[in-house]
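Thanks for making the time this morning. I would like to take you through one model, and I will try to be careful about what can be read from it.

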Amino acid sequence: RDYQQADIKSLSGWKQWKSASSKSLKKCLNEVKELSSYLELWRHDIHSIEGKFGTGIQSYFSLLFVTLPSIISKYGVFNSSFAKIPPKNIEPHCTVYNPSGNKGLVYFYTYLKDLLSGTGFLEVTSLFYGYYTIDDAWLSILRYNLPLAYLLATFAYLALSLLWIIKRSVEGFKQNLVHDEDQFQSYCNKVFAGWDFCITDPNAARLKHRSLQYELQTDLEEERMKQKIADRTMKEKLRIYSLRIFINIIVIAVLSGCFYSIYRATVFSQENSNVSIRDDIRMDSANLLVQYLPSIVITLANFVAPQIFSFLIRFEDYSPAFEIRLTLMRCVFVRLANIGVLLFSLWSQISYCATVECKACGYNYELYPCWESQVGQEMYKLMIFDFIIIFAVTLFLDFPRKLLVTHCSCKLVQWCGLQEFGISDNVLEIIYGQTICWIGTFFSPLLPAIATIKYFIIFYIKKISLIHTCKPASRPVRASSSNFFFLVVLLIGLVLAFIPLGISIAQIPSSKACGPFRNFNTSWAVVPATVLGFPAGLQQVLYGITSEAFAVPFFMVICLVMVYFIALAGAHKRVVEQLREQLVMESRDKQFLIRKIAEAQRH
Amino acid sequence: MAVRQCRAARKRAAWGVRAARCPGRRCASTSAYKRFSELLPKEERNNACSARVPKSQILTLPELRANPFQHRICHVFSTSDDGDDSMSFEDFLDMLSVFSDSATSDIKSHYAFRIFDFDDDGTLDRKNLEQLVNCLTGQGEESRLSTAEMEQLIQNILEESDIDKDGTINLSEFQHVVSRSPDFASSFKIVL
C-alpha cells in the first residue's frame, strides 16, 4: 500500500485522475460480471454437476448449452395486407396440391397421429414450407420480399451457428495446434493438474482417486506397449496389417448393410404411407409405423453399429488412446452418413421422372406435389423420434436398472451394476440431433424452435438421470481435448448439412404448387432476380465481386496469408527449441563454474 | 460495530499488495466472511476478523473435506507463528482468492508449487513427487502404484519438466510446465 501511495504521489494530476477512474471502472465491471453470472443459464446446475462428476461431464452439458442458440426461427408471416402476385405461366398439372387438413368431424387420435407424423393439420401450418406464399407483405411503405426473406433467414441462421461454433472452438484449437507435437496427454498434466479441486463429495473423491490410479496405470502400460510395438518383427507386422485390412473390410460391409437397409426402409415408407384412409385405428397405427420406419431403422443402426465397432477394434491391436479415437470417428461417420443416405433416398424418389409431364415439372409431381414439405416432415419425424427415444430410454431403461441394482442382490445384477454416463455416446446424440435441425431448417422453419424446447427438456432429463441413476465413469475423459474434439465434430456436422441444403436450393427445381418459390425455377433463383432489381452501380459491384477476375486473386492472397502464418508458427517453435537448449547449456555452465570455484577454494 | 470495523479492515486489506496481485479477493469477501464466521464458536463470531480458526475446524469445510491436499493447503496459507496451522480471516481470504476463477495462472502455479513441496525445501525432488502421486491415487495400500510403475512415472515426469537436468523441479520449471498444461486452470479452483 505504501508503495502504491508513493507511486500515486509522483504522478501528475491528470494521470492520478485516470488511474482512479480506471480502478473504479474495474470495480464496476467486476460487479456487473458477478451479477450477470447469476443470470447465466444453468450456471448453478453445471457447477453442481462439475462438483459431483468432474469436468469431463461438465463439458458435455456445456456443449448442450452451446447448441441451444438454435433459437432463431423464422416468422415471415404478416397478417397485414398482402400484395398478390399472379403466378407465372407454368404447367397446370404441376400446381395441383391439396394438403388434406382435417375437415369436419374426426377422431381425437387423428390429431395425435398428425402431431407425431407432421401430416394432416400440421401440414398446413407455418411449421412447414408449404404454408409460405410468394406474396410480398407491406410494412407501411416498405415492401417485404417474403421469398428472399425466407432464403436469407436460413442463410443467416446457418452463418450465426457457424460463427458461434468457430468462436467456441478457437480457444481449444490454439491449444491443440501449439501443443500437438508435445503430445500433452502426458504425465505432468495428469499429476500436477490431476486432482479436481472442485470435488466436495467424499464418494466422488474416492472414485476420482481410483480413476486417477487407473489412468496413470493405463498410460504407463501404453508406454510399455509402444515400446513393444517398436520392437515388432517383420512377420508380426505383416500379420497385424493383414488383420487390420480384413477388419476394415468388415466395417465397410457393416456400413453398407446399414445404408442399404435405410435406403430400402425409406423407399418402402414413401411408397406405402397412406394418409387418405383415416377411419380404421389399426390401419392408422400401422400407417404411423410405416411412416416412422426410416427413423426406427436409423436409430437401430446408430445403436448396433457402435457396438460392433467397439467389439471389432479389440482385434486390431492399436494403442488404447488410438482405439478410442478410431471408434469415435467411425461412430460419428455412421451417424452422419445415415442422415445422408436418408436424404439421398428421398432425393432419388423425388427426382425420379418417367413421364414427359413429370419432366416438365422437374420433379415427381404426382407423389410429391410439395416435396419440400415432405422432406420437412421427414426431418420433423426424425427429431420427434429422437426425443421420444431419449425420454423412453431414460424412463424405461435407466430407472428400472437403478431400482434393480439397489433392491436385488442377485450376483448377475450386481455385476452389471449401475449405468455409466457414456460421454461420447451422449455427445454423438446431441450432434446427430443438431445436424437434423440444421438440415431441416430450410424445409421446416420452426424446427429450430422445436429443437430449442427439446434440448431444454433433455438437459433436465439427462441431469436427473445422471444424478440419480449413474455412477461416475471409471475411465475419465479429459475436459480440454474433449471439448475441442466435440466442437470439431459439431462443425463437421454443420459443414455436411450445407451439402444437401445446397443441392436442394440450387439444383432441384422448387415445387410449383406450394411455397414461396413457385415463380422461380429453383429456390436460389430469387437472389439473381433481386439483384437485377438493384441500381446499376450496385449491380456492377456485385457482378465484379462474384466474377473470376476478383475471386482468383482473392483466393491467392488468402493462401499467401495462410502460408505466412504457418511459417511464423514454425519459426516460433524453432525459437522455443533453441531457448530450451540454451537453458540446458546455462545449467551446465553453472555446474562447471561451481566445480571450478570448489577447486579454487581447495588450493 | 464489529462488522463495520471488519469492513474497514477488509477495505484496507483490499488495497494491500497481496490483494493487488489477486483481483478475485473483492468478489469473494462477503460470502467468505459468512462461511468463516460459521466455523467459529458462537461467542467469538463478533470478533471474526481477528480470531484464528484451528486446523481441525477448517478441515470440516466441504470444499476441503474430500481434498487429499487438505493438510498442505492449511499449512501453506496459515500465517500462524505457533506452527499449529490455524488460519485467520486474512489467511482464509488469501486461500479463496488464490483458488478463485480470477486469480492469474502465475499466482496459482506459485501456490501449487508450495502445496506440492511436501518438505518445504523449495524444490520438488523424487521423494516429494512420490508423496504427490500417492496423495493422488488414494491412501490405501492397494491404491498405490507398484515400485516399478512409480519409478517409470517419476522418470517420465522429470524428463518432461526438469530442464536443467538436476533431478529436481524448481519453481520456474514447475511454472513452465504448468503453463503448458490445459487442465490446470480448470482443476485448480475452489468455488464457494
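I will start with confidence, then turn to the interface, chain B, and a few side chains in chain A.

First, the conventions. This is a predicted model, in which local features need pLDDT of at least 70 and side-chain atom pairs count only at pLDDT 80 or more, while totals for chains, interfaces and linings use all residues. Residues are numbered from 1 along each chain as its sequence is written, chains are lettered from A and ligands numbered from 1 in the order in which they are written, and side-chain values use heavy atoms, with hydrogens and water left out.

For the complex, the predictor gives an ipTM of 0.81 and a pTM of 0.68. In chain B the mean pLDDT, which is the predictor's confidence in each residue from 0 to 100, is 79, and 84% of the residues reach 70 or more. Confidence in chain B is lowest in H2(B), with a mean of 40, and highest in helix H8 of chain B, residues 105-116, at 92. Over residues 1-9 of chain B the pLDDT is below 50, and this stretch has 3 contacts beyond near neighbours in sequence, a contact meaning heavy atoms within 4.5 Å. The pLDDT also stays under 50 over residues 11-28 of chain B, although the model has 30 contacts there beyond four places in sequence. Where pLDDT is low, the predicted coordinates should not be read in detail.

Now the interface. The contact takes 52 residues from chain B and 43 residues from chain A. Together the two chains bury about 4400 Å², 63% of it on carbon and sulfur atoms; buried area here is the accessible area (1.4 Å probe) that two parts lose on being put together, summed over both.

How many salt bridges does the rule find across the interface of chain B and chain A? The count is 0, where a salt bridge is a side-chain nitrogen of Lys or Arg within 4 Å of a carboxyl oxygen of Asp or Glu. There are, however, 10 residue pairs in polar contact between chain B and chain A, both residues being at pLDDT 80 or more. A polar contact is a pair of N or O atoms within 3.5 Å; within protein, one must be able to donate a hydrogen and the other to accept it, and residues adjacent in sequence count only if both atoms are side-chain atoms.

The elements that give two or more residues to the side of chain B that touches chain A include helix H3 (25-39), helix H9 (126-137) and helix H10 (147-161) of chain B, and H10(B) gives the most, with 7 residues. Helices (H or I, at least four residues) and strands (E, at least two) are DSSP runs, numbered from the N terminus.

Chain B itself comes to 12 helices and 2 strands. Of its 192 residues, 52% count as buried, which is to say under 20% relative accessible area, with exposed being over 50% and partly exposed in between (1.4 Å probe, protein chains only). Helix H7 of chain B, residues 89-99, is largely enclosed by the rest of the structure, because 10 of its 11 residues are buried; B:Phe89, B:Asp91 and B:Asp94 are among them.

Finally, chain A. A:Lys190 forms a salt bridge with A:Glu215, the closest N and O atoms being 3.7 Å apart. A:Lys190 lies in helix H7 (residues 187-192) of chain A and A:Glu215 in helix H8 (residues 202-230) of chain A, so the pair ties together parts that are 25 residues apart in sequence. Both A:Lys190 and A:Glu215 are buried, and they are linked with A:Asp219 in a network of salt bridges.

A:Glu316 and A:Arg330 also meet in a salt bridge, at 3.3 Å from N to O. A:Glu316 is buried at a relative accessible area of 0%, and A:Arg330 counts as buried at 11%.

In helix H14 of chain A (residues 371-407) we find A:Trp371, which counts as buried at 1% relative accessibility. Residues that A:Trp371 touches, leaving aside those up to four places away in sequence, include A:Tyr363, A:Phe443 and A:Pro509. The C-alpha atoms of A:Trp371 and A:Pro509 are separated by 10.0 Å, with their positions 138 residues apart along the chain.
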